[in-house]
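Open the model in your viewer and keep the selection panel at hand. This tour goes from one selection to the next.

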Amino acid sequence: MPTNGANLRISGERLWDSLMEMAKVGPGIAGGNNRQTLTDADAEGRRLFQRWCEAAGCTMGLDTMGNMFARREGEDPGLDPVYMGSHLDTQPTGGKYDGVLGVLGGLEVLRTLNDAGIRTRRPIVLANWTNEEGTRFAPAMLASGVFAGLHTQDYAYDRTDAEGKRFGDELARIGFVGDEPVGARRIHSMFELHIEQGPILEAEGQEIGVVTHGQGLWWLEVRLTGREAHTGSTPMTMRVNAGLGMARIIEMVHRTAMDHQPDAVGAVGHMNVWPNSRNVIPGRAVFTIDIRSPHQAKLDAMRARIEEEAPRIAADLGLGIEIESVGHFDPVTFDPALAQSVRDAADRLGYSRRDIVSGAGHDACWIARVAPTVMIFCPCKDGLSHNEAEEITPDWAQKGTDVLLHAVLDAAEVVA
């Protein structure tokens, strides 16, 4: 049987050991991780990743956004490389697998190729993209966005965290400003392995998700202005309650998403009211509406309806209102040929699979703008992510990485 036949598997035990070793860097308080981008913990995780890649015989490239690129040379170095990768940064209360599986699964692919003595025509590159989470420095997927031309580097460098620290200054502080111009690399194809961050695969007993689309997104920040007043002495008919307006708009967002089923979601997760006192009617409310769909028409229709109905709700209550877009990306269609390659790899390995849509944004969504790209999902327990209780099984991790291995080999072309 050829070396890239269905008998070839990664070492699940070695992959799991790597995941657990990385999880020691930037530990959380409840079993997960707090390895936010450009912190000392992020720098420590990066250095560990670099040591592992160099031990696997790779050369490490670093661009001016801090994106890390471990290269395993191909028989024809002039060919465009096949890329794998994801991110090592986490949420403040993040899990051990979100992003990390895609990076360390890629490392395990490289180690497996070394163990089996497999050579490929095309080089293979493993990427760690900077600031995917966007928690410390908004927006999310920042460095891959600069790579794909959505943002300028100056814009990215000027992003600040809650303490006013600049992205560019912090990148230099941890020592990860490279010399390579961001976006200068050529990519033949890009594969991102990731946990699903949703409940579908586990609920259906499927081992592999073939990600065909990524949802588009609008974040709309709403600012309501009312009048602060005493909760006990102000008659109900004389109140200008910004909190009530926020509540009615939240319900309207839910109804809007339900009216656009299937394949549409909407909620408000970030909200603040002022003065936020027990006995003061809120005079101001600021909150962010998050709506998503893989269908452009539905996404646009939901935004239009919200921007029509929210001002009416505010006017009925005597509130002032401002609505501003603070985040957006269009739906993504991943490369159909690469998606079929993932299906074929899962079938050869005997793993169950289904097509699936990504509900979250990922670096692959931006790289898809400049190169053929696809994602591979493995299940996660109860669909829980962005939470220290995030969990997967070693078997799920191995099978997802096995599929990554075979799909990458198809693209990189095994040399007999």
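Is Glu133 buried or exposed? Select Glu133 and turn on the surface. In this predicted model, Glu133 has a relative accessible area of 9%. The cut-off for buried is under 20%, so Glu133 is buried.

Now trace the backbone around Glu133. The residue sits in a loop that runs between β5 (124-128) and α4 (142-147). Show the side chains of Glu133 and Gln91. They are joined by a polar contact of 2.8 Å. Beyond four places in sequence, the contacts of Glu133 include His87, Asp89, Asp98 and His386.

Next, select Asp98. Look for the loop between β3 (82-86) and α3 (100-116). Asp98 has 5% relative accessibility, so this residue too counts as buried. Add His87: its side chain and that of Asp98 make a polar contact of 3.4 Å. Then expand the selection around Asp98. Residues up to four places away aside, Asp98 touches Glu133, His194, Ile195, Gln197, Ser385, His386 and Glu390, among others.

Finish with a set of three: Asp98, Glu133 and His386. An unreviewed UniProt entry annotates them as "binding site". Why do they belong in one view? The set spans 289 residues in sequence, yet no two of the C-alpha atoms are more than 9.6 Å apart, so the three gather at one spot. Switch on the pocket display. Asp98, Glu133 and His386 are part of the lining of the largest pocket.

Key: Residues are numbered from 1 along each chain as its sequence is written. This is a predicted model: local features need pLDDT of at least 70, side-chain atom pairs count only at pLDDT 80 or more; totals for chains, interfaces and linings use all residues. Side-chain values use heavy atoms; hydrogens and water are left out. UniProt positions are given in the numbering used here, feature names are shortened, and annotations may be inferred rather than shown by experiment. On a 1 Å grid over the protein atoms alone, a cavity is a set of points where a 1.4 Å probe fits but cannot get out, and a pocket is an open set with protein on both sides within 12 Å along at least five of seven lines; lining residues have an atom within 4 Å of a point. Helices (H or I, at least four residues) and strands (E, at least two) are DSSP runs, numbered from the N terminus. Buried means under 20% relative accessible area, exposed over 50%, partly exposed in between (1.4 Å probe, protein chains only). Contact means heavy atoms within 4.5 Å. A polar contact is a pair of N or O atoms within 3.5 Å; within protein, one must be able to donate a hydrogen and the other to accept it, and residues adjacent in sequence count only if both atoms are side-chain atoms.
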